[in-house]
Amino acid sequence: MLVTEILKSKGDAVFAIAPATTLAEACRELDTRRVGALIVCDADRVVGVLSERDVVRAVARDGQAALEQPTEAYMTREVVFAQPAESVDLLMERMTDRRVRHLPVLHEERLCGVVSIGDVVKCQIAEAAQEAESLRTYIAAG
């Protein structure tokens, strides 16, 4: 399965915040949107990703004072991207190697979606179930 197929299924909604957004505001957005990460954009350029993991590290380091700081102080700056034509297997490998759970998807330098580790796992489970069903049908017909 390809990234484009995941986005067709789940939608291409991207929840983004500005780098100057306070960490407290970002936490409220994570909660409201029920997502594990937000894409940090400066105008139309992706400059980072803020994940729940980043928030936990910020509070562990700086306590409650972190919540009043801008998101850019704690976001992950080295963004790992996905392309629409990439396979789920390639994404799983990249997520594992880079230890990230969310990949913004770029098409011709334009942000067109986000794929999470949950999306990738869901795809792999569906593919395994489909393969198992095909094998059962083949054996039953034999």
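What share of the contacts in the protein with a separation of 6 or more comes from residues 24 or more positions apart? In this predicted model, such residues account for 54% of those contacts.

## Overall architecture

The protein comprises five helices and five strands. Read from the N terminus, its elements follow the order α-β-α-β-β-α-α-β-β-α. Along the principal axes, the C-alpha atoms occupy a box of roughly 65 × 35 × 30 Å.

Of the 142 residues in the protein, 37% are buried. The exposed surface amounts to about 8,900 Å², and 50% of this area is supplied by carbon and sulfur atoms.

## Packing of helix 2 against helix 3

Helix 2 spans residues 23-33, and its axis comes within 11 Å of that of helix 3, the two crossing at roughly 145°. The crossing of helix 2 with helix 3 is left-handed.

On the side of helix 2, the contact is formed by L23, C27 and L30, which meet E52, V55 and A58 of helix 3. Classified by residue type, this contact contains five nonpolar residues, one charged residue and no polar residues.

## Surroundings of T71

Is T71 buried or exposed? T71 is buried, because its relative accessible area is 0%, and buried status requires a value under 20%. T71 lies in the loop that runs between helix 3 (52-62) and helix 4.

Leaving aside residues up to four places away in sequence, T71 touches I17, A18, P19, T21, T22, L23, A26, V40 and L50. One of these neighbours, L23, also takes part in the contact of helix 2 with helix 3.

## Packing of helix 4 against helix 5

Helix 4 covers residues 88-98 and helix 5 covers residues 117-141; the two pack at an angle of about 135°, and their axes lie 10 Å apart. This angle makes helix 4 oblique to helix 5, since the oblique class excludes angles over 145 degrees, which count as roughly antiparallel, as well as those from 65 to 115 and those under 35. Helix 4 and helix 5 cross in a left-handed sense.

Which residues bring helix 4 and helix 5 together? From helix 4, V88, D89, L91, M92 and M95 take part, and they meet I117, V120, V121, C123 and Q124 of helix 5. By class, the contact between helix 4 and helix 5 holds eight nonpolar residues, one polar residue and one charged residue.

Definitions and conventions:
Residues numbered from 1 in each chain as written. Predicted model: local features only at pLDDT ≥ 70, side-chain atom pairs only at ≥ 80, totals over all residues. Heavy atoms only, no water. Axes fitted to C-alpha atoms, helices over the stretch in contact; angles between N-to-C directions. Helix = DSSP H or I, 4+ residues; strand = E, 2+ residues; numbered from the N terminus. Left-handed = near helix turned anticlockwise from the far one by under 90°. Contact = heavy atoms within 4.5 Å. Nonpolar A, V, L, I, M, F, W, Y, C, P; charged D, E, K, R; others polar. Buried < 20%, exposed > 50% of the residue type's maximum accessible area, 1.4 Å probe, protein only. Areas by Shrake-Rupley, 256 points an atom, 1.4 Å probe, with all protein chains shown as cover.
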